[in-house]
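Q: I would like a close look at a single part of this model, with its surroundings described step by step. Please take the answer from one pairing out to the wider fold.

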Amino acid sequence: MDYLQFSQLSSSTKEYLEEVEKGKSYVIIRGGKPIAKVIPFKEPIQSKKAIQGWKREVKTVTLRSGADSSEYIRAERDER
């Protein structure tokens, strides 16, 4: 893992993120202190239907007629 000044990242973001996509990791330094790690995102492939990147399947919620959405949320959180 390489160290990278925040100002370097700001001026060449595209180039550094391309390196991250290839597998490289960075510790971002600002004011002489580490503030963040930038690491490649790796998600296991679940199936051919799996959507890569930020897109994901979303659970569809169907409420009973007259039901309140907060009731559903409490049930999902086991807060009844």
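Which residue of strand 2 is the bridge partner of Leu4?

A: In this predicted model, the partner is Ile28, which forms a bridge with Leu4 from its place in strand 2. That pair belongs to a set of 4 bridges between strand 1 and strand 2, and these two strands run parallel. On its other side, strand 2, which covers residues 26-30, is joined to strand 3 by 5 bridges, here in an antiparallel arrangement. Two of the positions facing each other across strand 2 and strand 3 can be named: Val27 is opposite Lys37, and Ile29 is opposite Pro34. In general, strands in a sheet pair through hydrogen bonds of the backbone, and they may do so in parallel or antiparallel fashion.

Taken together, the 3 strands make an open sheet with mixed pairing, in the order 1-2-3. Strand 1 (2-5) and strand 3 (33-38) have a single partner strand each and stand at the edges, so each of them has one side without a neighbour in the sheet. On average, and with direction ignored, neighbouring strands are turned by 35 degrees against each other. The link from strand 2 to strand 3 is a hairpin with 2 residues between the strands, and Gly31 in that turn has a positive phi of about 65 degrees.

Burial sets strand 2 and strand 3 apart in a way that is worth following residue by residue. Strand 2 is mostly covered, with 4 of its 5 residues buried, whereas strand 3 lies largely in the open because 0 of its 6 residues are buried. Helix 2, made of residues 13-21, lies across strand 1, strand 2 and strand 3, and it runs at about 150 degrees to strand 2.

The bridge pair you asked about also takes part in side-chain packing, since the largest nonpolar core has 6 residues, namely Leu4, Leu9, Tyr16, Val20, Tyr26 and Ile28. Helix 2 and strand 2 are the elements that give two or more residues to this core. If neighbours within four places in sequence are left aside, the contacts of Leu4 are Leu9, Tyr16, Tyr26, Val27, Ile28 and Ile29.

Just ahead of strand 2, Ser25 lies in the loop that connects it with helix 2. The relative accessibility of Ser25 is 17%, and the limit for burial is under 20%, so Ser25 counts as buried. Again leaving aside neighbours within four places in sequence, Ser25 is in contact with Met1, Asp2, Val38, Ile39 and Pro40.

For the wider setting, the protein chain contains 3 helices and 3 strands, and along the sequence they follow the pattern β-α-α-β-β-α. Of its 80 residues, 12% count as buried, and the chain exposes about 7300 Å², of which 51% comes from carbon and sulfur atoms. Among contacts with a separation of 6 or more, 24% join residues that are 24 or more positions apart.

Technical notes: Residues are numbered from 1 along each chain as its sequence is written. This is a predicted model: local features need pLDDT of at least 70, side-chain atom pairs count only at pLDDT 80 or more; totals for chains, interfaces and linings use all residues. Side-chain values use heavy atoms; hydrogens and water are left out. Two strands pair if DSSP finds at least two bridges between them. Axes are lines fitted to C-alpha atoms, for helices over the stretch in contact, and angles run from 0 to 180 degrees between N-to-C directions. Contact means heavy atoms within 4.5 Å. Buried means under 20% relative accessible area, exposed over 50%, partly exposed in between (1.4 Å probe, protein chains only). Accessible areas come from the Shrake-Rupley method with a 1.4 Å probe; for residues, only the protein chains shown count as cover. A nonpolar core is a set of buried Ala, Val, Leu, Ile, Met, Phe, Trp, Tyr and Cys residues joined through side-chain atoms within 4.5 Å.
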